[in-house]
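Please work through the following exercises with the sequence and the coordinates at hand. Each task is followed by a solution in steps.

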Amino acid sequence: MTINEKQDEVIAMFEDFTDWMDKYQMLIDLGNDLDVLDDRYKTEQNLIDGCQSRVWLQCDEREGRLYFTADSDALIVKGIIALLIRVISGFRPQEILDADLYFIERIGLREHLSPTRSNGLLAMVRQVKAYALAYKAKGM
């Protein structure tokens, strides 16, 4: 499955709901379904700068692909990072760098977030791309 196919799945999930309260609940549920991030990864180094809430993002490389795990102390933010991970985890660095993450606009996420959460979402995307760039530089 490609990143775009994963994005299309996310868009389809959100199309099932017309009320944004239901969409927020789905985000919370996605966050609750995240694998638990080991406490050893909840470090300053893994905190995403630019998020009002505390968000930790861990990236691991296996066989040339990047796998992300994350956690947050805020329910909706945890759902947002879960959604991002769902789309980009398991791909090669160049695929992540080349990805146009159109699902964010298509599901209306950015327009329904507060300015601080919207800035946090951009910071999450920047951090994911920074990990991909760093691993690409290592020759992955």
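The exercises below treat the core, a helix pair, salt bridges and individual residues.

**Conventions**

This is a predicted model, in which local features need pLDDT of at least 70, side-chain atom pairs count only at pLDDT 80 or more, and totals for chains, interfaces and linings use all residues. Residues are numbered from 1 along each chain as its sequence is written, and side-chain values use heavy atoms, with hydrogens and water left out.

**Exercise 1. The nonpolar core**

Task: Identify the residues that touch the most other members of the largest nonpolar core, and state which elements give two or more residues to this core.

Solution.

Step 1. A nonpolar core is a set of buried Ala, Val, Leu, Ile, Met, Phe, Trp, Tyr and Cys residues joined through side-chain atoms within 4.5 Å. Buried means under 20% relative accessible area, exposed means over 50%, and partly exposed lies in between, for a 1.4 Å probe and protein chains only.

Step 2. The largest such core has 48 residues, and F68, I81, L101 and F103 touch the most other members.

Step 3. Two or more residues each come from helix 1 (3-15), helix 2 (20-32), strand 1 (55-62), strand 2 (65-72), helix 3 (75-88), helix 5 (103-106) and helix 6 (115-137). These elements are DSSP runs numbered from the N terminus: helices are H or I with at least four residues, and strands are E with at least two. Helix 3 supplies the largest share, 10 residues.

Step 4. For F68, contact (heavy atoms within 4.5 Å) is found with L57, Q58, C59, I85, I88, S89, I96, V128 and Y131, when residues up to four places away in sequence are not counted.

**Exercise 2. Helix 3 against helix 6**

Task: Describe the crossing of helix 3 and helix 6, and classify the residues of their contact.

Solution.

Step 1. Axes are lines fitted to C-alpha atoms, for helices over the stretch in contact, and angles run from 0 to 180 degrees between N-to-C directions. The axes of helix 3 and helix 6 come within 11 Å and cross at roughly 35°.

Step 2. The crossing is right-handed; that is, the near helix is turned clockwise from the far one by less than a right angle, whereas anticlockwise would be left-handed.

Step 3. From helix 3, I76, V77, I80, I81, L84 and I88 take part, and they meet R117, L121, M124, V125 and V128 of helix 6.

Step 4. The residues of this contact comprise 10 nonpolar, no polar and one charged. In this scheme Ala, Val, Leu, Ile, Met, Phe, Trp, Tyr, Cys and Pro are nonpolar, Asp, Glu, Lys and Arg are charged, and the others, Gly among them, are polar.

**Exercise 3. A salt-bridge network**

Task: Trace the network of salt bridges that links D39, K42, D71 and K78.

Solution.

Step 1. A salt bridge is a side-chain nitrogen of Lys or Arg within 4 Å of a carboxyl oxygen of Asp or Glu. The whole structure contains five.

Step 2. K42 pairs with D39, the closest N and O atoms being 3.9 Å apart. K42 is partly exposed at 31% relative accessibility, and D39 is exposed at 58%.

Step 3. K42 also pairs with D71, at 2.8 Å between the closest N and O atoms. Because K42 lies in the loop between helix 2 and strand 1 and D71 in strand 2, the pair ties together parts that are 29 residues apart in sequence.

Step 4. K78 meets D71 in a salt bridge with an N to O distance of 3.3 Å. Both K78 and D71 are buried, D71 having a relative accessible area of 10%.

**Exercise 4. Individual residues**

Task: Determine where E63 is found, and which residues I3 and L97 contact outside their sequence neighbours.

Solution.

Step 1. E63 is found in the loop between strand 1 and strand 2 and is exposed, with a relative accessible area of 76%. Most residues other than glycine have a negative phi. E63, although not a glycine, has a positive phi of about 50°.

Step 2. I3 lies in helix 1 and is buried at 6% relative accessible area. Leaving aside neighbours within four places in sequence, I3 contacts V87, F91, E95, I96, A99 and L101.

Step 3. L97 lies in helix 4 (residues 93-98) and is partly exposed at 23%. With neighbours within four places in sequence left aside, L97 contacts K129, A132, L133 and K136. L97 and A132 are 35 residues apart in sequence and 6.4 Å apart in space, C-alpha to C-alpha.
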